[in-house]
2 protein chains.
Amino acid sequence: MSDPLSPEELDLINAYWRAANYLSIGQIYLFKNPLLKEPLHKEHVKPRLLGHWGTTPGLNFIYAHLNRIIKQHELNVMFVTGPGHGGPGLVANTYLEGTYTEHYPNITQDEAGMKRLFKQFSFPGGIPSHVAPETPGSIHEGGELGYALSHAYGAAFDNPGLIVACVIGDGEAETGPLATSWHSNKFLNPERDGVVLPILHLNGYKIANPTVLARISHEELDHLLRGYGYNPYYVEGRDPEKMHQLMAASMDHVTQEIRDIVSKARQDPGFIRPRWPMIVLRTPKGWTCPKEVDGLPVEDSWRSHQVPLGQMHENPEHLKLLEQWMQSYKPEELFDEQGCLRKEIADLAPSGELRMGANPHANGGTLLKRLRLPDFRDYAVEVPYPGSVKGEATRVQGKFIRDVMQLNLESRNFRIFSPDENASNRWANVFEVAGRGFVGEILPTDDHLSPEGRVMEMLSEHQCQGWLEGYLLTGRHGFFNCYEAFIHIIDSMFNQHAKWLKVSKEIPWRRPIASLNYLLSSHVWRQDHNGFSHQDPGFIDHVVNKKAEIIRVYLPPDANCLLSITDHCLRSRDYVNVVVAGKQPSPQWLSMEQAIKHTAAGISIWDWASSDQGSEPDVVLGCCGDVPTLETLAAVDIIRQELPELKVRVINVVNLMKLQSPREHPHALSDTDFDSLFTTNKPIIFAFHGYPWLIHRLTYRRTNHKNLHVRGYKEEGTTTTPFDMVVLNDLDRFHLVQDVIDRVPNLGAKAAYLKQAMRDKLIEHKQYIREYGEDMPEVLNWTWSGREE
Amino acid sequence: MSDPLSPEELDLINAYWRAANYLSIGQIYLFKNPLLKEPLHKEHVKPRLLGHWGTTPGLNFIYAHLNRIIKQHELNVMFVTGPGHGGPGLVANTYLEGTYTEHYPNITQDEAGMKRLFKQFSFPGGIPSHVAPETPGSIHEGGELGYALSHAYGAAFDNPGLIVACVIGDGEAETGPLATSWHSNKFLNPERDGVVLPILHLNGYKIANPTVLARISHEELDHLLRGYGYNPYYVEGRDPEKMHQLMAASMDHVTQEIRDIVSKARQDPGFIRPRWPMIVLRTPKGWTCPKEVDGLPVEDSWRSHQVPLGQMHENPEHLKLLEQWMQSYKPEELFDEQGCLRKEIADLAPSGELRMGANPHANGGTLLKRLRLPDFRDYAVEVPYPGSVKGEATRVQGKFIRDVMQLNLESRNFRIFSPDENASNRWANVFEVAGRGFVGEILPTDDHLSPEGRVMEMLSEHQCQGWLEGYLLTGRHGFFNCYEAFIHIIDSMFNQHAKWLKVSKEIPWRRPIASLNYLLSSHVWRQDHNGFSHQDPGFIDHVVNKKAEIIRVYLPPDANCLLSITDHCLRSRDYVNVVVAGKQPSPQWLSMEQAIKHTAAGISIWDWASSDQGSEPDVVLGCCGDVPTLETLAAVDIIRQELPELKVRVINVVNLMKLQSPREHPHALSDTDFDSLFTTNKPIIFAFHGYPWLIHRLTYRRTNHKNLHVRGYKEEGTTTTPFDMVVLNDLDRFHLVQDVIDRVPNLGAKAAYLKQAMRDKLIEHKQYIREYGEDMPEVLNWTWSGREE
């Protein structure tokens with residue numbers, strides 16, 4: 001390639017890079033004396049040195065060159081920083097381009113501002129050391145590694161004008177999620193979506209080890225990237241001048257190639273999946289820092305990962321070395337006497353929203369449009385009286401979702417993400433209006449597969465979660481449809497997103513984004529066919545550890561409640577909504593009107609099922625989750641028939657956070673309300689969808705907690721019948737009736753007789769299923785015997 | 001390639017395959033009439049059809065061809081079934097080779113046994129539908145997908161005579177963990193380790209979608225696999241005869257290539273990483289099942305994923321079709337009148353331990369050798385009196401681990417696994433005896449990197465966990481060394497392993513294996529430098545949801561306790577041990593003798609810190625975790641000085657499960673013991689390492705729970721100082737003193753004055769860190785003022 005930069009251009013872009021490097025080091029080290037106007041003294045250096053230099057010069061290099069093509073072609077580019085520990089670099093660049101000062105007016109573009117910029121970094125009361133919500137232009141936290149490319153693709157979906165430049169560290173490239181996320185290109189439609197430009201930064205080392213991709217042959221690396229479907233351009237070396245020319249030339253090629261691909265695809269509706277260009281940038285780690293410190297290699301070694309030089313207060317030689325290092329960037333050539341970036345250098349940055357720190361997509365809330373929602377009441381299951389009809393809750397919900405999809409097809413701001421479980425979880429009706437997205441070979445036997453599809457299915461929960469996060473963070477809406485047990489795969493990603501939301505809410509310029517919505521179906525009680533490995537209701541337990549302001553957990557007992565909750569979730573902002581609902585046919589309890597009231601309350605007494613008629617009950621039966629509700633009502637049915645004198649109150653919980661102490665969660669019931677529901681001294685038998693101790697954890701401060709007895713999943717299960725799953729965990733009607741008898745005092749001989757009958761039923765059940773392989777007719781065909789019209 | 005099979009051999013191997021297919025379908029469908037001696041009637045068919053056919057014929061095909069080369073070359077081969085939902089296939093094959101009947105004598109190799117074999121599958125009281133601990137020859141659960149290849153490599157490490165054949169489904173291949181696990185070949189040393197033979201089974205479809213790898217071009221696929229470092233052989237087609245010849249020829253090539261690689265590497269110590277062979281098997285999904293059902297394609301389509309034909313009881317045509325399908329394998333040619341596999345076919349299977357169902361590595365406990373352990377007392381930190389010295393707990397532990405490594409170097413049965421965090425977590429001393437494993441280019445600047453290394457570091461928690469599980473399940477020992485926050489990445493893998501252990505314990509022929517040990521360091525309280533994204537102590541919460549018999553959680557307060565716990569973990573079997581310990585210099589509390597007593601008890605009163613002198617205290621200060629212990633003692637120090645009349649009892653908890661109700665956990669304290677420690681009515685201020693509600697969850701049944709007040713991490717943090725991290729979460733000494741004052745009644749004016757002083761201290765702290773960026777000297781230099789000699 002010929003050299004695209006004139007000598008002047010080369011000098012200027014190199015100066016821009018030097019300025020970013022200088023500011024990055026300043027942030028890591030300096031407290032005072034930001035322009036080194038005085039000789040560097042140990043009092044100028046921070047007492048604790050926190051930050052990562054290793055990846056930073058590479059990030060600064062890429063940023064400068066992206067600025068160049070943005071300016072040249074007026075491109076709309078967003079920057080995703082895979083190696084997010086390179087926080088100083090992103091802060092430096094947004095400061096240089098002016099966006100930092102716009103967001104934080106105190107950090108002025110002068111010496112005083114630079115001093116504050118330096119001091120605040122990794123400093124108490126200041127800013128985090130990693131890329132974070134505080135960083136302008138970012139949608140991607142520097143924390144856990146692995147999701148950069150998924151986030152980038154999520155951002156690019158339905159953003160046809162956008163290029164997402166995504167830097168991938170070679171450490172990050174070893175993670176599983178990143179390794180599969182390269183395949184996102186099979187789901188990106190160049191006609192309708194934006195572009196992702198992956199930039200693999202091979203700087204050779206992680207914390208203490210070389211990286212795998214830096215130590216395989218060029219041939220293997222090239223095969224790998226082509227195997228992933230990309231066309232790699234290599235920018236390799238260490239000499240800044242040569243590297244600038246090479247990078248500029250590669251950026252020019254890549255830009256042209258992207259434009260060609262996009263314009264071709266938009267002209268030709270029958271396009272085939274393009275081989276998207278990407279860049280491999282191979283540089284020394286810690287590029288331009290001291291080559292050696294104390295006789296040990298630092299530049300181009302793992303030793304430059306964090307702070308290349310330590311002990312500044314004890315070791316005068318290190319202090320000297322730091323000064324020399326910082327002076328090597330010649331700050332006086334970069335900044336004027338007032339500490340302001342010289343104009344000819346500053347002019348290299350694009351202006352306005354073309355600055356990557358000001359890209360509106362990176363503050364997605366500013367672009368967020370409300371979804372058009374159909375009236376969820378129109379999808380109601382007709383329930384003449386409780387239990388009179390059966391329904392498949394998620395299938396009903398799927399029809400509502402289908403029409404949400406339909407109503408927002410034009411705005412292109414709603415997608416569904418699922419690891420090949422969308423149909424299995426009964427949302428197949430969605431395919432009537434939008435297929436599954438796939439950009440590749442499609443066969444006639446495929447089911448609703450198309451490059452236009454908006455249901456994103458790849459067998460990777462990581463990919464689904466990462467795409468969805470990227471999509472939401474750039475101001476759109478979505479739903480994750482997943483098997484309950486395997487949502488744990490993204491426990492850690494959920495953590496990171498919840499943390500992002502918590503911090504974003506505290507930053508005035510970050511606008512609210514759409515909530516991250518999970519439908520968890522094929523849940524623990526209906527994994528009787530796949531068995532023990534598919535049974536885990538513990539995602540809720542994980543979720544409730546995060547900040548209460550962020551977290552919502554719903555367990556609707558039937559289809560109408562699920563509809564009402566779904567509508568609510570799609571309207572909400574800045575939450576993570578977890579909705580657990582079954583897909584199998586089961587009795588429907590509430591009319592739509594009742595469901596709306598019940599879900600709005602989040603918890604209520606089901607009068608029609610209770611026999612306390614407004615007086616103090618003898619026992620409270622609580623239930624939460626569809627299967628526990630079914631078993632509770634079946635138990636109540638038995639009790640009301642066999643022990644009609646016993647006053648039973650049935651309480652159903654939809655919004656789990658209602659149970660928690662009002663000191664902990666904004667949704668919580670007041671103690672007075674809780675007491676009036678659950679009494680202060682009567683036994684409570686609570687049938688719960690998940691692990692029973694979660695209910696104890698949420699209610700331990702409540703007055704009547706001592707009388708609370710919870711049944712739930714206690715890690716017992718195998719391949720068996722649906723009813724046997726509840727029996728194995730003592731959650732079935734026959735156990736619940738016994739629990740009531742055991743806990744209500746003075747019930748007498750009739751109750752003792754009933755208890756024995758319940759035991760006999762359980763023996764009968766076991767014998768029956770072992771002989772016939774399915775549940776007893778009396779269980780299969782049970783219906784609620786109470787009837788109100 | 002020429003045809004390696006004679007016509008007779010071809011007939012026989014095809015017959016073997018037909019037999020396995022027949023038995024697989026029989027398991028999914030039949031209840032009675034196993035040999036179809038009568039016309040198939042709906043009463044012969046199970047009422048509920050559960051199981052997966054789609055992947056099964058491919059698994060059966062592979063198994064038969066592996067049998068052939070095992071027999072031919074007397075190879076030691078273990079089988080890992082990535083598509084573990086193909087349970088019927090593995091059951092069928094182990095039945096055919098005789099291992100199934102050896103483990104389950106009731107399942108005889110005759111018609112009656114076959115009937116029981118069929119009935120038990122996915123049947124209440126029978127066996128799971130997926131590959132499970134119950135399946136002979138398996139180390140890999142059919143549940144969550146993604147870990148087959150990591151398990152296979154883990155099994156191959158240090159097993160130079162073993163070949164692990166690992167089938168990877170093309171669905172599974174889309175997961176992140178699987179996508180990165182291909183790179184395991186950079187960590188396998190052909191001189192010392194066994195061999196992994198990946199067999200990518202491209203059958204084109206997942207549950208409802210095509211797979212990505214089946215829809216990229218041959219060229220891309222070939223690039224990808226070569227880029228991963230493999231030499232792929234393609235076996236593609238649908239005609240059984242041709243496919244048998246092609247598979248046999250490929251197996252012959254692959255076997256030869258493996259032998260060449262291994263013998264070359266073992267002769268030449270300077271070998272370079274070989275390109276290991278692998279097989280790509282492309283077949284129709286559901287191969288040999290009905291092509292169409294009700295006019296819709298089934299074979300070679302996603303419709304064959306589970307049960308290709310349903311509604312057997314309602315639809316006579318389907319019943320007819322099933323009969324034709326089963327008859328198409330000509331069972332009368334395969335089994336004799338008694339239902340016994342014909343001898344000439346049965347002879348195709350290897351015998352004894354060469355049968356894959358009998359491979360001893362797949363029941364690792366049978367091969368388990370105890371570790372040789374040095375005396376952990378020899379590594380003790382000298383602690384003349386509590387708090388008199390500082391130590392880095394995990395560094396001390398690392399020296400012990402180093403010598404464990406040393407003592408077992410010859411037996412080659414101990415490895416460490418870490419996502420590039422072994423040195424960061426202060427186990428660098430291990431490198432004195434064993435380096436980091438890496439088979440590839442090594443540069444002079446690399447730190448203890450070698451093909452001989454036994455510290456396995458790749459930046460993938462999934463890979464580390466998968467390797468370690470494979471290593472343990474085949475009868476060896478190991479430790480996972482990880483940052484606390486990011487261990488959540490393997491939450492779901494932990495689930496699967498804990499479930500495997502729970503079920504294995506119930507199977508008489510499964511022998512106990514070494515426990516899975518986690519060291520979680522760089523924990524929440526010392527992520528003041530990396531910030532909020534690195535702070536999460538919730539793995540414990542996740543872990544305690546699993547069966548109590550499997551789970552152990554330890555939070556040693558200092559180095560000597562950590563040593564004692566580590567020794568205990570390395571001796572234990574069939575547990576998951578989670579050890580949380582800090583790496584930063586901090587005060588040491590207990591002499592080794594005290595530490596042994598304390599860790600054996602799991603919880604005890606620290607008399608030297610208490611001022612209740614055996615009488616009833618006014619307040620109990622509980623602590624669990626190193627940082628909470630430090631803050632508690634610092635608080636006690638203040639209280640003892642300022643309020644000397646207050647009787648304080650200090651209780652430290654090492655073994656978290658001591659707190660739980662004895663009804664829930666075998667380690668739990670009795671209620672009497674709990675009451676005598678914590679009193680029945682005095683306030684308890686409990687400083688906990690993790691989320692505070694976990695302590696409530698564990699103790700809600702205890703007498704004095706109502707007076708328990710817990711401080712812990714409540715999701716507040718950023719980049720700040722270490723002490724500020726505890727302040728942000730109200731866990732610091734100044735808050736704890738206030739908590740005591742607030743909860744002990746009638747303390748009077750002196751206490752009120754002290755409370756105000758504590759508030760002032762917190763203000764002073766905030767001002768100090770914002771000015772100086774580090775903690776106040778009085779915090780940094782605090783030492784325990786009590787002294788006993």
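A salt bridge, as used here, is a side-chain nitrogen of Lys or Arg within 4 Å of a carboxyl oxygen of Asp or Glu. Between chain B and chain A, the count is 18 salt bridges. Take one of them: A:Glu220 pairs with B:Arg275, and their closest N and O atoms are 3.7 Å apart.

Now, the ground rules. This is a predicted model, where local features need pLDDT of at least 70 and side-chain atom pairs count only at pLDDT 80 or more, while totals for chains, interfaces and linings use all residues. Residues are numbered from 1 along each chain as its sequence is written, chains are lettered from A and ligands numbered from 1 in the order in which they are written, and side-chain values use heavy atoms, with hydrogens and water left out.

On to the interface. Contact means heavy atoms within 4.5 Å. Chain B puts in 117 residues and chain A 116 residues. Together they bury about 9800 Å², with 54% of that on carbon and sulfur atoms. Buried area is the accessible area (1.4 Å probe) that two parts lose on being put together, summed over both. Which three residues supply the most on chain B's side? B:Arg215, B:Leu459 and B:Trp693, with 7% of the area that chain B buries against chain A.

Next, symmetry. Chain B lies on chain A with an RMSD of 0.0 Å, after a turn of 180° and a shift of 0.0 Å along the axis. The two copies are therefore related as by a two-fold rotation axis. The superposition is by least squares on the C-alpha atoms of residues with pLDDT of at least 70 in both copies. Which residue of chain B comes closest to that axis? B:Gly176, with its C-alpha at 1.9 Å. The copies meet through the same surface, because 99% of the interface residues of chain B are also interface residues in chain A.

Last, domains. Chain A has domain 1 (7–354), domain 2 (380–586) and domain 3 (603–781). Those bounds come from an automatic or database domain assignment. The centres of domain 1 and domain 3 of chain A, taken over C-alpha atoms, are 57 Å apart.
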